[in-house]
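Student: I have a model open on my screen and would like to know what the words used for it rest on. Could we go through them together?

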Amino acid sequence: MSKDVKGIAASDGIGIAPAYLLVDPDLSYDKDKKISDADAEYARVETAFNDSIAELQKIKENAKGRLADEELEVFDAHIAILSDPEMLGQIKDDINNNKTSAEAAVDKVTTNFADMLAAMTDNKYMQERAADVKDVAKRAMSHLLGKQLPNIAGIDKPVVIVAKEITPSDTSQMDAKFVKGIVTDLGGRTSHAAIMSRTLRIPAVVGAEDITANAKNGQNVIVDGLHGDIIVDPSDDQVKDYQAKAEAFEKERAEWAKLVDAPSVSKDDKHFEIAANIGTPDDVEDAMKQGADGVGLFRSEFLYMGSDHLPTEDEQFEAYKKAIVGMKGKPVVVRTLDIGGDKPLDYLPLPDEMNPFLGYRAIRICLDRPEIFKTQLRALIRASEFGPLSIMFPMIGTLAELRAAKRIFEECKTELQKDHRVLGDDVKIGMMIEVPLAAINADKMAEEVDFFSIGTNDLIQYNFAADRGNDAVSYLYQPLNPAFLGLINHVIAAAHRHGTKAAMCGEMAGDELALPLLMGMGLDEYSMSASSILRTRSMMKNLDTKDCAKLVEKAMDLDTNEEVANLVKKELNLAD
Ligand SMILES: C=C(OP(=O)(O)O)C(=O)O
Ligand SMILES: [Mg+2]
């Protein structure tokens, strides 16, 4: 019997494939069992260890080309632990002397090893190896118990990933060729897992509450990332129906693809810019393929999250240069480090906080730790030699913060000029509008920057006081709420009163129901996941800005998000 589950549509497209549960299996065993044949029992350990080594070698082979060398080295470290004679000797002794089962001996000896390493507080490197030993023990135990551990990097057949939640490191190991869909218990449309699945163009439904309890490994799953629907164990008719829908969607995509070199213009010939949000310089290739007019948001924190140390000035310089050169003269906006909240850095411990989203994050860290900020700004200013670059500060709330950030930028520029470095002569400075106070104060803010970029993911989270990653409050993600539209309209109008460009790089910029309203308000630039660019350009050319402006007036007179959504759907002739 098929089972329908509703979640939040997070990444366009339809995927159909067997479920791959990213959930650890039950590795419990009978602790009291005594064995009689110690040699046979130790042979089980040897087989389990050898199978684990073979599995790790296969995973490493599959991950080559997708993971960095240092990430691949982790597999070698795990193989080395599995071949450690000291550890194997202790396991053998335990089985021989105490007649314990292979499971109990492996559990006991590996736990002792891990505890010993974890106790080496004066040697951080050895301490960190404790986690490796635990990981290896889990793999060996799974082989002893005949259970399979999930392993994203080893996937080599079409699957739909079913998980509680997906971390950015999970997505970095995924091969989009095989992952046909992602469904998760947790998360909202603007959680970073959702954003990453759009970047990888994998259909996704998040916030599907108990999907991990509803799907079994290998069961067929349909993921409809357009409507937020999941069907577990569908009937043949349902599979046929969705295969047809998937084909229709692909046809539509092929139509949009014809606009790859077209300008982003409205029906009445008003020009706009549709740009891409990227996380690494490698994403530039896809942005160009999707016809982006530029990069409107380079989330530079992903550079930091993908490294095991604070990236040096030269490492960052190379990354920014690569992005700028790759965009071939089209503008690139790099946002300075935005860590904290749901984006931690292992090697930069941040204080435990009751409310991390309201705490020590983004520009607040950069102003407090100018040495980190300056390294990034110097790299950026140096990279500006290679093409049009804009620098944008995240999470600015007050004029004092903005001025402090700009002062540090000027200091870096002066220092580099003194060193006679070749620099670009026109680096533009902008700020994100994602803190409510900055939006309210947009007139004064606009006087001090070249552009705004409205970060609706956080601006909605902070205005509605609703955690963006918590599906229990995801009903408060209301970009079309008339009160919120009023705030957006105010920010855009304030920018234009001061000759400042108004951009948007939150998910609302790629929302098809928001598009006519934002065009009606005169938003200049729409920055979104590369996968949404061509659909947006195609819609844009059928919209007249004068009609859009009238639509904004009508929307502002309404009371709820839903009423506005219905109004826009009617205007666009979209079905409910
Ligand atoms: C674009 C935004 O930034 P991020 O999603 O990276 O927080 C935003 O808050 O809208
Ligand atoms: Mg943000």
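**Reading the labels**

Tutor: Gladly! Let us start with threonine 398, which sits in the loop between strand S12 (389-393) and helix H15 (399-418). Helices (H or I, at least four residues) and strands (E, at least two) are DSSP runs, numbered from the N terminus. This is a predicted model, in which local features need pLDDT of at least 70, side-chain atom pairs count only at pLDDT 80 or more, and totals for chains, interfaces and linings use all residues. Residues are numbered from 1 along each chain as its sequence is written, and chains are lettered from A and ligands numbered from 1 in the order in which they are written.

Student: What makes threonine 398 partly exposed?

Tutor: Its neighbour count. A residue is buried if 20 or more other C-beta atoms (placed from the backbone) lie within 10 Å of its own, exposed if 12 or fewer, and partly exposed in between. Threonine 398 has 13 other C-beta atoms within 10 Å, so it is partly exposed. In space, its C-alpha is 9.0 Å from that of valine 435, and the two are 37 residues apart in sequence.

Student: And leucine 22: why is it called partly exposed?

Tutor: Leucine 22 has 19 other C-beta atoms within 10 Å, so it is partly exposed too. It is found in the loop between strand S3 (14-21) and helix H1 (38-63).

Student: Which residues does leucine 22 touch?

Tutor: Not counting residues up to four places away in sequence, they are Pro150, Ile152, Ile161, Val162 and Ala163. Touching, or being in contact, asks for two C-beta atoms, placed from the backbone, within 7 Å. For leucine 22 and proline 150, the C-alpha atoms are 5.3 Å apart, with their positions 128 residues apart in sequence.

Student: How do you know whether serine 300 is buried or exposed?

Tutor: Serine 300 has 28 C-beta neighbours inside 10 Å, so it counts as buried. Its place is the loop between S10 and helix H11 (301-305). Leaving aside neighbours within four places in sequence, serine 300 contacts Val334, Arg335, Thr336, Leu337 and Gln376.

Student: What makes helix H21 mostly covered?

Tutor: Of the 11 residues in H21 (residues 530-540), nine are buried. Among them are Ile533, Leu534 and Met540, along with Arg535 and Arg537.

Student: Which residues does UniProt list under "active site"?

Tutor: The unreviewed entry gives His192 and Cys505. Such annotations are in the numbering used here, with shortened feature names, and may be inferred rather than shown by experiment. Cysteine 505 lies in the loop between strand S15 (501-504) and helix H20 (515-521). With 30 other C-beta atoms within 10 Å, cysteine 505 is buried. Its contacts, beyond four places in sequence, are Asn277, Gly296, Leu297, Ser453, Gly455 and Ser527.

Student: Why can one say that the UniProt "binding site" residues gather at one spot?

Tutor: The unreviewed UniProt entry lists Glu434 and Asp458. They span 25 residues in sequence, yet no two of their C-alpha atoms are more than 5.3 Å apart, so they gather at one spot. Glutamate 434 is in the loop between strand S13 (428-433) and helix H16 (436-440), while aspartate 458 belongs to helix H18. Glutamate 434 is buried, with 26 other C-beta atoms within 10 Å, and aspartate 458 is buried with 23.

Student: What surrounds ligand 1?

Tutor: The shell includes Arg299, Asp338, Glu434, Asp458 and Cys505 (near means a C-beta atom, placed from the backbone, within 6 Å). Strand S10 (295-299) and helix H18 (456-463) each give two or more residues, and H18 gives the most, with three.

Student: How is the protein divided into domains?

Tutor: Into domain 1 (3-23 + 154-254), domain 2 (38-144) and domain 3 (270-572), with bounds from an automatic or database domain assignment. The contact between domain 1 and domain 3 takes 15 residues from domain 1 and 14 from domain 3.

Student: How confident is the predictor?

Tutor: The average pLDDT (the predictor's confidence in each residue, from 0 to 100) is 92, and 98% of the residues score at least 70. For the complex, the predictor gives an ipTM of 0.99 and a pTM of 0.75.
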